[in-house]
Amino acid sequence: MGCAHSGDTHRSRRHGHSSIYIQDNIMAKNISFTIRYWKQNGPKDAGHFDERHMTDIPDDTSFLEMLDILNEQLIEEGNEPFVFDHDCREGICGMCSLYINGTPHGKTESGATTCQLYMRRFKDGDVITVEPWRSAAFPVIKDCMVDRTAFDAIQAAGGYVTVRTGAPQDANAILIPKPDADEAMDCATCIGCGACVAACKNGSAMLFVSSKVSQFALLPQGKLEAAKRAKAMVAKMDELGFGNCTNTRACEAVCPKNESIANIARLNREYLKAKMAD
């Protein structure tokens, strides 16, 4: 079972050969606030904000748990619940995609998603505005749930290595320098949440695409199909309506996995080399 720690302190007492950890008794504080949440019945609907005053919400409640409470109240009153994406609630799957007070995933710690945002980040009396990802390539399905299958299409265009399956190779059959392996792993941590697209004023997917290209470009296994991969994934990105990179680094600033725009420079090099070889 996973255990989340959000700044809580622990004291350790030694008893013989064992350690007993006692968590400091930090009492949660209740806060009241106004939430403005986006309602939209599909991509062709104009959409609007609904507003509700929430009272006595413990500040150790996660943001998604607060939305669960909101929906329980709406359902009890016979109203339609607020629709939003979520799945693992552990910062892994990238499903929780909410634009909170003008920032993708809200004002979380660096390297955190919406589900890792807690109400202690807000003050009593705050007005919290919740919107979906805004991008032509991510049409709204319902309220704050958007269609991100465009990312799947880009990945399917070339984000893989073609291999013959069979008996596994020896671990050291292909020697890879550790810095290269580490950087490739960092690139592979992209969870495809789409925060980079939501933050970019052009709706660019360059950080996502470059991370997926870079995780293979840095490894020998990805070299054989490097040119084909770069051209195919960039072409699919353009086809699906994503914009051009703005170089403002907004994508990097909001990425919950701290992907670097150095990946975009690498993608540009890979794409240029591929086009020059044509």
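1. Helices here are DSSP runs of H or I with at least four residues, numbered from the N terminus. On that basis, Gly-241 comes just after helix 6 and takes a positive phi of about 95°. The model under discussion is predicted, and the remarks below should be read accordingly.

2. Helix 6 comprises residues 226-239. At 1.5 Å a residue, its 14 residues should span 20 Å, and the end C-alpha atoms are indeed 20 Å apart, so expectation and model agree. The cut-off for a buried residue is a relative accessible area under 20%. The residues of helix 6 that count as buried are Ala-226, Arg-229, Ala-230, Met-233, Val-234 and Met-237. Because these residues cover an arc of only 110° around the axis, they lie on the same side of helix 6. As background, an α-helix has 3.6 residues a turn, so residues three or four places apart point the same way.

3. What surrounds the two faces of helix 6? The cover over its buried residues includes helix 2 (149-158), helix 5 (206-217) and helix 8 (262-276). On the face turned away from the buried side, helix 6 carries the exposed residues Lys-228 and Glu-239.

4. Within helix 8 lies Asn-263. With a relative accessibility of 3%, Asn-263 counts as buried. Its contacts, leaving aside neighbours within four places in sequence, are Cys-187, Ser-210, Ser-211 and Ser-214.

5. The model also contains an open sheet of 5 strands, ordered 4-3-7-5-6 with mixed pairing. Strand 4 (48-58) and strand 6 (103-104) stand at the edges; each has a single partner strand, so one side of each lacks a neighbour in the sheet. Helix 1 (residues 63-76) packs on this sheet and touches strand 3, strand 4, strand 5 (99-100) and strand 7. The direction of helix 1 makes about 105° with that of strand 4.

6. The pairing around strand 7 deserves separate mention. Strand 3 (residues 30-39) and strand 7 (residues 127-131) run parallel and are joined by 4 bridges. In this pairing, Ile-128 of strand 7 is the bridge partner of Ile-35, and Arg-36 stands opposite Thr-129 in strand 7. Strand 5, by contrast, runs antiparallel to strand 7 and is joined to it by 2 bridges. Tyr-99 stands opposite Glu-131 in strand 7. Because 4 of the 5 residues of strand 7 are buried, this strand is largely enclosed by the rest of the structure.

7. Is Leu-70 buried or exposed? Leu-70 has its place in helix 1 and is buried, with a relative accessible area of 0%. Not counting residues up to four places away in sequence, Leu-70 touches Ile-35, Tyr-37, Arg-52, Met-54 and Phe-82. Ile-35 thus appears both as a contact of Leu-70 and as the bridge partner of Ile-128. Between Leu-70 and Pro-81, which are 11 residues apart in sequence, the C-alpha separation is 8.1 Å.

8. Met-27 is found in the loop between strand 2 (18-23) and strand 3. Its relative accessible area is 67%, and because the cut-off for an exposed residue is over 50%, Met-27 is classed as exposed. Along the chain, Met-27 and Pro-58 are 31 residues apart, while their C-alpha atoms are separated by 9.5 Å.

Note on methods. Residues are numbered from 1 along each chain as its sequence is written. This is a predicted model: local features need pLDDT of at least 70, side-chain atom pairs count only at pLDDT 80 or more; totals for chains, interfaces and linings use all residues. Side-chain values use heavy atoms; hydrogens and water are left out. Two strands pair if DSSP finds at least two bridges between them. Contact means heavy atoms within 4.5 Å. Axes are lines fitted to C-alpha atoms, for helices over the stretch in contact, and angles run from 0 to 180 degrees between N-to-C directions. The expected span of a helix is 1.5 Å times one less than its number of residues. Buried means under 20% relative accessible area, exposed over 50%, partly exposed in between (1.4 Å probe, protein chains only). The arc is that of the directions from the helix axis to the C-beta atoms.
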